[in-house]
Amino acid sequence: MRLNYVMSVDHDPRMQVGPLWIEPRVVIYATLIQMTAYALFDVPDIPIALDGFNVLFWVAIVPMFALAVAHAFSEVLDLQIRLRRRMNWADVVVILHSNLQFLYVSVIPIILLSIAWLLGMSENSAVNMVLYLGVVSLAGWGAYGARRAGLRTWPCVIFGAAYACLGALVVLLEIFIRH
């Protein structure tokens, strides 16, 4: 049995932020993975030193890089199978550009960690700050999605709260697994 369905999309779902075009599904997915990486990473409750900052810096980048490479790899294979041809350079450039968006998610935690380091915060507090901002980000994406769907203010607030709860649930499950 073959499952066939078609999604009708009337508009481009991407959002422009300065010169960057962002696909919400990529950023939301990457945010959840980023939050999972930080939630699983056990950090001490000591002030951030250079070594601690370096480790937290790489926790921001490595999972996103791995995710970008994995998605690019699967997209190339998927397209080769669907199109029944080899990928040309133009195809690869489009796929690489699309998957660089996973790395965009690393920028905000790196900025937050830099601020936390300059303020002398503990590693644990800095990671919690990244996790809290991730939950707030998911609330924003939920509200944005509801607004793009044409919903009024209160349903947007409810969708935002629901997405924040789902993000918090992911973090809590990861923390539960870690301990």
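A salt bridge is a side-chain nitrogen of Lys or Arg within 4 Å of a carboxyl oxygen of Asp or Glu. The views below come from a predicted model.

**Figure 1. Salt bridge between Asp-91 and Arg-85.** The side chains of the two residues meet with an N to O distance of 2.7 Å, so the pair falls inside the 4 Å limit. Asp-91 is buried, because its relative accessibility of 18% is under the 20% cut-off. Arg-85 is partly exposed, with a relative accessible area of 35%. The structure holds 3 salt bridges, and Figures 2 and 3 show others.

**Figure 2. Salt bridge between Asp-78 and Arg-82 within helix H2.** Both residues lie in helix H2. They are 4 residues apart, about one turn of the helix. The N to O distance between their side chains is 2.8 Å. Asp-78 counts as partly exposed at 33% relative accessibility, whereas Arg-82 is exposed, with a relative accessible area of 62%.

**Figure 3. Salt bridge between Glu-23 and Arg-25.** The closest N and O atoms of this pair are 3.3 Å apart. Glu-23 has a relative accessible area of 18% and is buried. Its partner Arg-25 is exposed, with a relative accessible area of 55%.

**Figure 4. Arg-84 in the loop between helices H2 and H3.** Helix H2 covers residues 50-83, and Arg-84 has its place in the loop that separates this helix from H3. The phi angle of Arg-84 is near 60°, a positive value in a residue other than glycine. Arg-84 is exposed, because its relative accessible area of 77% is over the 50% cut-off.

**Figure 5. Nonpolar surface patch with residues from helices H3 and H4.** Val-107, Ile-108, Ile-111, Ile-115, Leu-119, Leu-133 and Val-136 make a nonpolar surface patch of about 630 Å². Helix H3 (89-118) and helix H4 (123-148) are the elements that give two or more residues to the patch. The most come from H3, which gives 4 residues. Ile-111, one of the patch residues, is found in helix H3. Its relative accessibility is 46%, so Ile-111 counts as partly exposed.

**Figure 6. Surroundings of Val-135 in helix H4.** Val-135 is buried, with a relative accessible area of 18%. Leaving aside neighbours within four places in sequence, Val-135 is in contact with Met-35, Ala-164, Gly-167 and Ala-168. Tyr-38 is 97 residues from Val-135 in sequence, and the C-alpha atoms of these two residues are 13 Å apart in space.

**Figure 7. Overview of the chain, for placing the close-ups.** The chain has 5 helices and 2 strands, which follow the pattern β-β-α-α-α-α-α along the sequence. Its C-alpha atoms fill a box of roughly 55 × 45 × 40 Å along the principal axes. Buried residues make up 32% of the 179 residues. Of the contacts with a separation of 6 or more, 73% are between residues 24 or more positions apart. The accessible surface comes to about 11700 Å², and carbon and sulfur atoms account for 70% of that area. The chain carries 11 positive and 11 negative charges, and the mean positions of the two sets are 15 Å apart.

Definitions and conventions:
Residues are numbered from 1 along each chain as its sequence is written. This is a predicted model: local features need pLDDT of at least 70, side-chain atom pairs count only at pLDDT 80 or more; totals for chains, interfaces and linings use all residues. Side-chain values use heavy atoms; hydrogens and water are left out. Patches are made of residues with over 30% relative accessible area and no salt bridge: like charges are joined within 9 Å, nonpolar side chains (Val, Leu, Ile, Met, Phe, Trp, Tyr) within 5 Å. Accessible areas come from the Shrake-Rupley method with a 1.4 Å probe; for residues, only the protein chains shown count as cover. Buried means under 20% relative accessible area, exposed over 50%, partly exposed in between (1.4 Å probe, protein chains only). Contact means heavy atoms within 4.5 Å. Lys and Arg count as positive and Asp and Glu as negative; His and the chain ends are not counted. The place of a charge is taken as NZ of Lys, CZ of Arg, CG of Asp or CD of Glu.
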